[in-house]
Every structure is written in C-alpha cells, then in structure tokens.
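Biologist: I'd like to go through this one with you and ask how you back up each label. Could you pull it up?

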Amino acid sequence: MDNIVIIDCGSQFTQLIARRTREMKIHSVVLPWDVTAERVREQTPSGVIISGGPDSVNEEGAIALEREIFELDVPILGICYGMQLLAAALGGRVASGDGHEYGTTPVKLSGEGALFASVPREFEVLMSHGDHVEDAPSGFHVVARTQNGVTAAMESGDARRFGLQFHPEVKHTQHGENILRNFLFGVCKCKGDWDLGDWIERAVSDIRERVGTDGVICGLSGGVDSSVAAALVHRAIGKQLECVFVDHGLLRLNEAQEVLASYAGLGLSVHSVDASELFLGKLKGVTDPEKKRKIIGKLFIKAFDEKSAEIKKGSKTRAAWLLQGTIYPDVIESGGKKKGAAVIKSHHNVGGLPKRMKMKLLEPLRDLFKDEVREIGRLLGVPSAIVDRHPFPGPGLAVRCLGHITKERLDTLRAADAIFRDELIAAGLYEGIWQSFCVLLPVKTVGVMGDGRTYSEVLALRAVDSTDAMTASWTRLPLDLLDLVSKRICNEVRGVNRVVMDITSKPPATIEWE
Ligand code: XMP
C-alpha cells in the first residue's frame, strides 16, 4: 500500500499536506520531527515529506532531524524549513537575514525538474520564509528561482531528493497540486488506491487496540463532529461506548427529539439529560455574552459530569476514556493561539473535563477537515439530517438571542429559525451554505399590520460561506427567497415585525453575533 511519511517540523500547513495526499487517494502518516529513522523505516514509506516550520537552521536549539533520515533509501521532499534542513544536512548552505519573502511571489523555472512536468515556466507561489538556501548541496541543481534570485526549488542529480522553498500544499500556489502529484506519483510511484473507507478501517482497528476492554464516554451535541466520532467508535467497540446528551433548552425547534431518534437508529446508547430549566434559570437576567458563555460552559460540565459518574457507577467496564469530536481546524485554532492573544469568545466545549474526571482523551477525528468528517459520517451510515447539518455553537441559541434570554424569546427565535431553514432547504440551497441562522435582537421597532400599530423586536438573518469557520463571507441569497422568508416570519412568528440581513464577512465580524 502507498504510504507517505510526513515529518512535522511545526508548520501550520502540515495537516494540509496530509489532506492533499488523502485527496489523491494516498495514505500518509504525520510523525513528529524527533521521530527516529528506524521508526520511519518501519512505516515502509513510498516517500517522505519534511514540512515547513518556524525555526531557523542557523539558530541554536532549532528543530533538527536524525541524520540517518536523510540517508533513507526513499525519495524525500523538503518543503520550506524542510528544504533548508535537507540542504544543511547534505552540505549546502542556508542564509539567514536578507531575502525574506511572504505572500505570493512569481517563480521562474531555471532548469528541468521531475516535479515540474507539465508546469509552466513561470507561475505564482506562496512563500513564507526568512531563511533561504544560498548554496544547494553538491550534486543538486537549482530548478526554480524567485524574481529576487532566491532558490525556489532544487533537485538531486539522481532525482531522489527535492527541496521547495514555497508551499505546494496551499491553494495560493499555482500548480501546487501538480507539483505534489509529480512527487507522489511520478517519483514515489504511488498508486492512489486508498480512500476514506480505508481510513475508517484503520481508525477502527486503532481504536480497538488503544481502548482494549475499557469503557468510553462521549458527550453528544447533535452536531456533525461528535455524532460522527461516536458512530466511528461505536463501530469499533460497540457497547463499550456510552453517550450523554445534555439538552440545555437552547436547541432549535424539535432538535432534541430529532437527534435522539437518529442516535437510536445508529444503535448508540444515549443517556439524555433534560437540564433546560436549570440552564434557563441560571441565565435569567444575564445579557453579557461572555457571562452567558461561562454560565453555560460551567453548567454543561456539571450536568455531563453527574451523568457520567452515574454511568460509571453502573458500568462493569472501567470507563477510562472521554471521546471528543475534535477536528483539525479546532486543533489549529487552539494550538495556533499565541501567548497573550486576545480572547474573542470563550468557546464552550468539554476541554476541562478529562483532567477533572481523570480520563484519557480519545479524539479520532483530530486530523480531518469538516468535509472529510461528513464523508466519513455518510460512509458510517449517519443520517443526512445530522451529517449535512450546519455547525451549531455549544451555547446554542443563547448566543443568538441577544439581550435577556426568556422561554418566550427563545420560542420566537426557534420559530423564525425553522422558517429560514425550511425555505433554504426548499430552495435547494441549504447544503451549499456553511452556516445559516437567525438572531433575535433586543431592539423594538414600529410596524403596521392590518390597520394596527405594532411594536416588536427585530430579527436578523445570517448566512455565510466558509471552509473552516476561520474566515467567512456572507452568502448572496436570492432576493425572492429573502422576500419570502421575511414575509413568512413577520406573518407567522409572534414578536417579530421587522427582518434584516447581516451582510458582514468574518473578519471584521464573527459568524455568531455573541
Ligand atoms: P465565530 O462566531 O467565532 O464562530 O466566528 C466560528 C464557528 O464556531 C462556532 N462557535 C462555537 N462552537 N462552541 C462551539 O462548539 C462555541 O462556544 C462556539 N462559538 C461559536 C460558530 O457557530 C462558527 O461555526
């Protein structure tokens, strides 16, 4: 079977390299930079890719790979910092200082190279480096340069060692996919016969091996990630998995019943907790967004904790694992946070739980992107009502019901939200949108209905396109559809007499309003 070893030197793009190989139906594993050559050999790789990273090879304490790795009898591609490591290890020279290049830059081929078959002589690439290879190692030739003359690509005479100063894995690099294909198929001779079905088989056997006879507890939210994680682990260990569903009363219309029915169809053992009164009671009078989030986070942990303790007590197996539906963008968001970075929103999740509950963390989806998680969900038979559901925040409607949260206002929001969703589905637009929802504003305006004056709240529609929620652009919905949604909401939903549309992208706004 094809197997590409990706050695992670700390680049924010490492998982993107893994993703590109998956897209080409090639299996890959990501290993940390301090992996031994022996361990790499054990993987019987078809090729090795060394990722970029923030260090400088000329600085003391910089990440360095075991020397023997460069001597392995497999093709090796170094990207950015990986190229510099390769150059330094094989006797080349890396220069620091002048010549930083960030952003897209044109490069020109200056020779023939195995990675550049059917790539034009000039194209734009994404560069993000301070250092660069000043002298390629002996036996190498420079294949491409930037307009400043910096080495952009080098190749060994035997076409087994390659370095790229730019990032072929990102979409901003023109022909990046072609260049990777040339390495993977042309040089490493991969066959490309691996797919997400194989990913499931591997994940299942890995989960079985790790968990053994222990028990696993999972907090289900009704969202895609936790549901797919549970379906996967259920396939691996069946009844050793127990799930907890906390209904905080901040869900959409009929959502709790619908997701519980789907879970039952999947054969999951779900313990549901109706904590809506408790949550609404504690949220009474609270309008500050961060306070809302903190209260909900705390109560959620408490409700989950109590239920899990009950499950553990009644269980014959040792419930030692906590399953979470963490996906790769979550990992980047938390890992990428620098010290002292501003907290935009305190995301509500059960991150604090494993420590308190002395449980080991199981995160089988942590290398995947959302669309891959959806695909895996489909392969596992998770119904479309869950797999294609738009992302929904942990604090639920609390962060979409601005101002005071009351049962009445939540019901108003739920009714409007259901209309918006139904009309998007009827228009065949729902699945193509990243996220859509309504926001109830604590602002009253004057209206006229029949012959009478109304004085009711404003409702905002929000729909965005995104790939990972880090950035988003507002969706240009058809005007006739907006007109229909607005009319239906004003006619059918009590408490709303005006509908507006949010036309702000992220940044500067966030997707949710609070
Ligand atoms: P923002 O509003 O920060 O949201 O642009 C980015 C994505 O995250 C979702 N979101 C949350 N998800 N707990 C979650 O699990 C939260 O507290 C939370 N807040 C926002 C949001 O819906 C969007 O998809």
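Biologist: How do you know that strands E9 and E10 pair?

Modeller: Two strands pair if DSSP finds at least two bridges between them, and E9 (residues 140–146) is joined to E10 by 5 bridges, so they pair. The two strands run antiparallel. One example is Phe140, which stands opposite Ser156 in E10. By strand I mean a DSSP run labelled E of at least two residues, while a helix is a run of H or I of at least four, both numbered from the N terminus.

Biologist: And what are these numbers based on?

Modeller: This is a predicted model, where local features need pLDDT of at least 70, side-chain atom pairs count only at pLDDT 80 or more, and totals for chains, interfaces and linings use all residues. Residues are numbered from 1 along each chain as its sequence is written, and side-chain values use heavy atoms, with hydrogens and water left out.

Biologist: Which residue takes a positive phi in the hairpin of E9 and E10?

Modeller: That's Gly149, with phi near 90°, in a hairpin with 4 residues between the strands.

Biologist: What makes E10 and E11 a pair?

Modeller: The rule is the one I just gave, and E10 (residues 151–156) is joined to E11 (residues 161–164) by 3 bridges, running antiparallel. Met154 faces Gly163 of E11, and Ala153 has Leu164 as its bridge partner there. E10 and E11 also form a hairpin with 4 residues between them, and Ala159 in the turn has a positive phi of about 55°.

Biologist: Why is E10 called largely enclosed?

Modeller: Buried means under 20% relative accessible area, exposed means over 50%, and partly exposed is in between (1.4 Å probe, protein chains only). In E10, 6 of the 6 residues are buried, so the strand is largely enclosed by the rest of the structure.

Biologist: What sheet do these strands belong to, and which strands are at its edges?

Modeller: The sheet is open, with 9 strands in the order E2-E1-E3-E4-E11-E10-E9-E6-E7 and mixed pairing. E2 (28–32) and E7 (122–129) are the edge strands, each pairing on one side only. Neighbouring strands are turned by 25° against each other on average, direction ignored. Helix H1 (residues 14–23) packs on this sheet, touching E1 (4–8), E2, E3 and E4 (76–79), and its direction makes about 160° with that of E2. Touching, or contact, means heavy atoms within 4.5 Å. Angles run from 0 to 180 degrees between N-to-C directions, with axes fitted to C-alpha atoms, for helices over the stretch in contact.

Biologist: What makes E14 and E16 edge strands in the other sheet?

Modeller: That open sheet has 5 strands in the order E14-E13-E12-E15-E16, with parallel pairing. E14 (270–274) and E16 (360–362) each have a single partner strand, so one side of each is left without a neighbour in the sheet. Inside it, E12 (residues 215–220) and E13 (residues 241–247) share 5 bridges in the parallel sense, including the one between Ile217 and Glu242 of E13. H6 lies across E12, E13, E15 (319–323) and E16, at about 160° to E12.

Biologist: How do H5 and H6 cross, left-handed or right-handed?

Modeller: The axes of H5 (residues 196–211) and H6 (residues 224–237) come within 8 Å and cross at roughly 65°. A crossing is right-handed if the near helix is turned clockwise from the far one by less than a right angle, and left-handed if anticlockwise. H5 passes H6 in a right-handed crossing. Among the residues in contact are Trp199 and Ile207 of H5, and Leu232 and Ile237 of H6.

Biologist: Why does Cys188 have no disulfide?

Modeller: A disulfide is a pair of cysteine sulfur atoms within 2.5 Å. The closest cysteine sulfur to that of Cys188 is in Cys190, 5.3 Å away, so that is too far for a bond. For Cys490, the closest is in Cys438 at 11 Å, also too far. The count comes to 0 disulfides by this rule.

Biologist: Why are Cys188 and Ser46 called buried?

Modeller: Cys188 has a relative accessible area of 8% and Ser46 has 17%, so both fall under the 20% cut-off. Ser46 is found in the loop between H2 (37–42) and E3 (47–50), and Cys188 is one of the residues that Ser46 touches.

Biologist: And Glu431, buried or exposed?

Modeller: Glu431 has 60% relative accessibility, over the 50% cut-off, so it counts as exposed. Glu431 lies in the loop between H14 (407–426) and E17 (435–449). Not counting residues up to four places away in sequence, Glu431 touches Ser384 and Asp388.
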